[in-house]
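Good morning, colleagues. Please turn to the sequence and the structure that are now being shown, and follow along as I go through them site by site.

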Amino acid sequence: MSQPSSICSFALSLPVYHLFDYELDGANECQAGNRFLLPFGRGQKLGILVSCDKQQLSTHKNIKAVVKSLDDSPLLSSHLMLLAAWLADYYCQPLGEVLFQFLPRLARKAEIMPGTRVQFWSINAVDDELLLSIKSKAPRQYDILSALKQSENGLDAVELRQIHDSWHQPVKTLLDRGLVTKGWRENLPKIVATRLPNFDLTSDQQKICDDIAPLLNQFLVHLIQGVTGSGKTEVYLELMEQVIREGKQVIYLVPEIGLTPQLLQRLQSRLGQAVVSSHSAMTSLQRYQSWDQFKRGVAQVIIGTRSALFSETEKLGLIIIDEEHDASFRQQDGVRYHARDVAIKRAQMLNIPIILGSATPSVESIHNVQKTHFRLYRLDQRVSQSLPPRIELLDCSQIPLNTGCSPQLLQAIKQHLSAQGQVLLFLNRRGFAPVVMCHECGWQSSCYQCDARMTLHQSVNKLICHHCGFSVMLPHKCPDCGARKIRHYGVGTQQLEEFLQLQFPQIDVIRIDRDSVKSAKHFEARMQPVRDAKPCILVGTQMLAKGHDYPHISLVGMLDSDQALFSSFYRASERLIQTVLQVSGRAGRAEKKGQALLQTAFPKHPLMLNLCRQSYSELVEEILQERKMVGFPPFSRVVTFQVDAVELTLAMQQLDKVKSFLSEIDGASSVKVIGPIPALMTRRIGRYRAQLSILANEIKSIRSVLQQLMPKVQGLRNTQKSRLTIEVDPLDL
Ligand code: ADP
Ligand code: ZN
Ligand code: ZN
């Protein structure tokens, strides 16, 4: 071949910080962001071209040549390559792993990407006489022809299969007879358009739109703090329409969408086919289709969870992050990053606006408002004019509970049900009972590979570890002393559901948690009585706290939130406040007045008292004061090094090495070092975990320390026996 070769660097999906060099001959286009098949070890691996070095081959000996290129044009644009490089650098993650995270799952395999258009068949002009004659001779052909005749735009394979399992042969015959034509079309989501109520924006909503609209051509972070039901989504929609009218596209991130098809429907009804989604309940192919349609500009909006942020497009005009305070925006395994913070970076790089919204914005975001980095807009009124309920405490310090419920709570449930209201009970603990013990010797149902107790799941008569999934049958007698005195303690959602069903036999009791709900369809079916406005009781975990709009709930009861008062997790009080306000915000959204009851054995605890008395802004202000006093984020920045190893001593040794690297570094005195210490839950899934944190008041100090530290830390090899992970801005210390 006459074309000169070049040496190119590739990123592989491996937990290593360096790139890999291969020779690329002139026949291959060397474009960054292209995927290549590479020889690796004895096999082959997929790599993404990062950079190309035109230097002479002679300086490199033994360099292998790439096997082949997989893409005609780069899957990742130069903008996303830059964003990935920033993310890898800021969060101290290997570039290869970051880049593969940016690709749709389907593209992480060494395959040529499929086309995302689908074949469809449509009917040619067929007169009724012919149709009738087919009916008697070839009933299957007739069924298909009639269905095609009725369809507006023809039918694809999935739709044809619904008419006849074996549709291939009759369709082929119809094609041969010239009665049917085959074509290709975009496989866009089927829209279940609902009729939208026609209303004008409230003056508060209008004001926010008027304020933001002229600023849509530049990078700014807008934070909308609006109580649940205040119409934030309507404001996003209005601004999105404007961006789309200008020919630009929108990425819309939510913490959870699998269970909220309502939101997708609302967007599609308003914006039409322009909206695609991407979330974990979809197949890789479906997600790739959304990604591809957004990339090609067939769709103008992509709505999805965390990873939808990395959707490719050249015309991004706006990013929206709803429920920005939600912890699910933080990726806790694999590549560790915070989608909200990366989104802000992406918006800044593209000089486009980003809108964050929440009823309970994170403490960081409020702090950023105070520092004038973010602009704050408020919606304090619900659209329905009803006020969010005040939180009332139910003092349970002196009274016995019945399956987690106080007599006052049961009384309130009764009252609301007889007034045709719906009740939501929040208990963030699934299973039947969290503790199983021997009454004789004190044996407990510990997991054999985690420092945790296994939860009783009575329906399957098993003990299940919620951390690793390990399960055993519930023993009849004590494994230690043999006594037949195995008892369970504490209440999980399953037990609560059973109890309430006995208490209120005429009423639907609907449990919503990870055990009872496996899919969106399933969820929708279970929620039918709730939508039908029938009196009913919803029992649920965190799953119910997110974004659902059910206007007939009039009472919210929160059963067991006291743990948060004594947690060592420094964000525990922020989390508690957010959860209580989010959950209580589900009450009284329509004309019905809502009531929110919080059971506690510590009604005099300052946090409990403040929850009833103060507004969210006042509560956050107090948290900020506390954090400032102790020097925790957002008044400091944190990086945590974690090792999980086969033995605790090994984990501690690895971190001691990190600590000794630290001591050799210039400016190390500007950071505070905590640890190494065993993690709170030291043993998890059979591995032992320890951590070392560094804190500094200034991000600059952290950055400078990391820049010197990382090359040394990268020399610590990850093996089966011990693995190091780094978290920048972790949620916990
Ligand atoms: P949020 O996102 O703040 O929870 P939504 O935008 O979902 O609030 O609005 C709550 C409910 O109020 C929805 O059912 C929505 O259709 C309705 N709504 C929003 N804005 C208006 C308005 N200006 N007039 C009447 N109804 C509205
Ligand atoms: Zn025992
Ligand atoms: Zn376990």
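Four donors around a metal count as tetrahedral if all angles lie between 85 and 135 degrees. I begin with that definition, and I should add at once that what you see is a predicted model.

Let us apply the criterion to the zinc ion that is ligand 2. Its protein donors are the SG atoms of Cys438, Cys441, Cys478 and Cys481, at 2.3 to 2.4 Å from the ion. The 4 donor atoms subtend angles of 105 to 114°, and the arrangement is therefore tetrahedral. Along the chain, these donors follow the spacing C-x2-C-x36-C-x2-C. Cys441 belongs to the loop between strand S18 (435–438) and strand S19 (455–457), while Cys478 belongs to the loop between strand S21 (471–473) and strand S22 (486–489), so this pair ties together parts that are 37 residues apart in sequence.

Is each of those two cysteines buried, partly exposed or exposed? Cys441 has a relative accessibility of 40% and so counts as partly exposed. Cys478, in contrast, is buried, with a relative accessible area of 3%. The cut-off behind that word is a relative accessible area under 20%.

I turn now to the zinc ion that is ligand 3. Here the protein donors are the SG atoms of Cys447, Cys450, Cys465 and Cys468, which lie 2.2 to 2.4 Å from the ion. The angles among the 4 donor atoms run from 102 to 115°, and the site is tetrahedral. The spacing of these donors along the chain is C-x2-C-x14-C-x2-C. Cys447 sits in the loop between S18 and S19, and Cys465 in the loop between strand S20 (462–464) and S21, so the pair ties together parts that are 18 residues apart in sequence. Both Cys447 and Cys465 are buried.

The next site is that of ligand 1. Which residues come closest to this ligand? A shell of 16 residues surrounds ligand 1, and the closest are Asp200, Gln205, Lys232, Thr233 and Arg266. By character, the shell divides into 4 nonpolar, 6 polar and 6 charged residues. Helix H8, residues 232–245, gives the most to this shell, with 3 residues.

Several polar atoms of the protein can be placed relative to the oxygen atoms of this ligand. A polar backbone atom of Lys232 is 2.9 Å from an oxygen atom of ligand 1. For Glu234, a polar backbone atom is 3.3 Å from an oxygen atom of ligand 1. In the case of Arg266, a polar side-chain atom lies 2.9 Å from an oxygen atom of the ligand. Taken alone, ligand 1 exposes 560 Å², and the protein buries 77% of that.

I should next like to draw your attention to the backbone. Two peptide bonds deserve mention. The bond from Pro633 to Pro634 is cis, with omega near 10°, and Pro634 lies in the loop between helix H19 (616–630) and strand S27 (637–645). Gly675 and Pro676 are likewise joined by a cis peptide bond, with omega about 5°; Pro676 has its place in strand S28, residues 672–684.

Positive phi values come next. Glu323, a residue other than glycine, has a positive phi near 55°. Glu323 is placed in the loop between strand S13 (316–322) and helix H11 (339–350), and its relative accessibility of 12% means that it counts as buried. Thr403, also a residue other than glycine, has a positive phi near 45°. This threonine is found in the loop between strand S16 (391–395) and helix H13 (407–418), and Thr403 is buried, with a relative accessible area of 17%.

One further loop residue is Ser516, between strand S23 (508–512) and helix H15 (520–526). Ser516 counts as buried, at 6% relative accessibility. A polar atom of the Ser516 side chain lies 2.8 Å from the backbone oxygen of Arg511.

I close with Ala125, in the loop between strand S6 (117–123) and helix H3 (128–137). Is Ala125 buried or exposed? Ala125 is exposed, with a relative accessible area of 81%. Its C-alpha atom is separated by 59 Å from that of Pro94, and the two residues are 31 residues apart along the chain.

Notes:
Residues are numbered from 1 along each chain as its sequence is written. Chains are lettered from A and ligands numbered from 1 in the order in which they are written. This is a predicted model: local features need pLDDT of at least 70, side-chain atom pairs count only at pLDDT 80 or more; totals for chains, interfaces and linings use all residues. Side-chain values use heavy atoms; hydrogens and water are left out. A residue is near a molecule or strand if one of its heavy atoms lies within 4 Å of it. A polar contact is a pair of N or O atoms within 3.5 Å; within protein, one must be able to donate a hydrogen and the other to accept it, and residues adjacent in sequence count only if both atoms are side-chain atoms. Accessible areas come from the Shrake-Rupley method with a 1.4 Å probe; for residues, only the protein chains shown count as cover. Helices (H or I, at least four residues) and strands (E, at least two) are DSSP runs, numbered from the N terminus. Ala, Val, Leu, Ile, Met, Phe, Trp, Tyr, Cys and Pro count as nonpolar, Asp, Glu, Lys and Arg as charged, and the others, Gly among them, as polar. Donors are N, O and S atoms within 2.8 Å of the metal (3.2 Å for Na, K and Ca); water is not among the atoms, so sites may look incomplete. Four donors count as tetrahedral if all angles lie between 85 and 135 degrees; four count as square planar and six as octahedral if opposite donors are over 155 degrees apart and all others between 65 and 115; anything else is irregular. Buried means under 20% relative accessible area, exposed over 50%, partly exposed in between (1.4 Å probe, protein chains only).
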